[in-house]
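Trainee: I should like to learn how features of a protein model are read. May we work through one together?

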Amino acid sequence: QTQVATTSPPNRLGLGVLSPLTEGGTCYYCYPFTSRSKVQRKGGDAPEGVEDVDGAAMSTCPGDVVVLEAVSNEQLQPFKAHDHPLSALAMSGDGSRVVTASTSGTLIRVFNLQGLLLYQFRRGQRKATITHLAVNFTGQIVSVCSDSGTLHLFRCESGNGERFTSLVRRDTRSFAKHNLPDGYLPVCSVNPDGTVLSLVSIPSDGAPIDAKATFNKYSIEQNKILDSGSFPLTFL
């Protein structure tokens, strides 16, 4: 059994994602860099927005992301994801892609672990709080829930997506959109092959006191509900 401990800067929202352990024995942990804090770099020059101070990387950008090789406890170079602080993070199950959203809530970005921007999606023009991000195992389907009462689905192009040049200054919009009930907090997941979306809506502020949580399973390809139901909540 291997136990690794690391120190991260203040993380008010408790953001952090861990990829499953691969057959090669590697997994990655991703978390935001929201204040001036030092992290040891793993070689190379300091990237944009990161100052090199005594062999360590000093992040100066609120929207920076740090990726940690969790087994070896080695950190990759921090990279800038957004100009504003991060509000949501997700990582593909194969550990190849990181999905980010900032407090502005308008743009969703997909990076590889080295910080190369692969895709940029626009959720909307107005500011919103991203309440949940989910991505399938290979990082092809991204689902985004927000407090605007909508769920958006985005599709990354087939292939490795290593060329972002065709998308520069051109934001890709969602291929599917669902309206969510008022007064509910949505939590979603996408199955590994990116064909089924599961959505649980939990009563929050504004929902009736006797409201039940709801469950919906959607076919992404057919854009229809496969199963649905509701269940009461028990608070301990």
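Trainee: Is Ser146 buried or exposed?

Mentor: This is a predicted model. A residue counts as buried when its relative accessible area is under 20%. Ser146 has a relative accessible area of 3%, and therefore it is buried.

Trainee: In which strand does Ser146 lie?

Mentor: Ser146 lies in β14, the strand that covers residues 141-146. The chain as a whole has 21 strands and 0 helices.

Trainee: Which residues does Ser146 touch, not counting those up to four places away in sequence?

Mentor: Contact requires heavy atoms within 4.5 Å. With that sequence exclusion, Ser146 touches Arg123, Ala128, Thr129, Ile130 and Thr131. In addition, its side chain makes a polar contact with the side chain of Ser148, at 2.6 Å.

Trainee: Where is Leu15 placed, and is Leu15 buried or exposed?

Mentor: Leu15 is found in the segment before β1 (17-18). The same cut-off of under 20% applies; Leu15 has a relative accessible area of 13%, so it is buried.

Trainee: Which residues does Leu15 touch, leaving out those up to four places away in sequence?

Mentor: Leu15 touches Tyr29, Tyr31, Pro32, Leu86, Ser87, Ala88 and Leu89. For Ala88, 73 residues apart from Leu15 along the chain, the C-alpha atoms of the two are separated by 6.7 Å.

Trainee: What do the totals for the chain add?

Mentor: Buried residues make up 46% of the 236 residues. Among contacts with a separation of 6 or more, 44% come from residues 24 or more positions apart. The accessible surface comes to about 12600 Å², with 49% belonging to carbon and sulfur atoms.

Note on methods
Residues numbered from 1 in each chain as written. Predicted model: local features only at pLDDT ≥ 70, side-chain atom pairs only at ≥ 80, totals over all residues. Heavy atoms only, no water. Helix = DSSP H or I, 4+ residues; strand = E, 2+ residues; numbered from the N terminus. Buried < 20%, exposed > 50% of the residue type's maximum accessible area, 1.4 Å probe, protein only. Polar contact = N/O pair within 3.5 Å; in protein donor to acceptor, adjacent residues only side chain to side chain. Areas by Shrake-Rupley, 256 points an atom, 1.4 Å probe, with all protein chains shown as cover.
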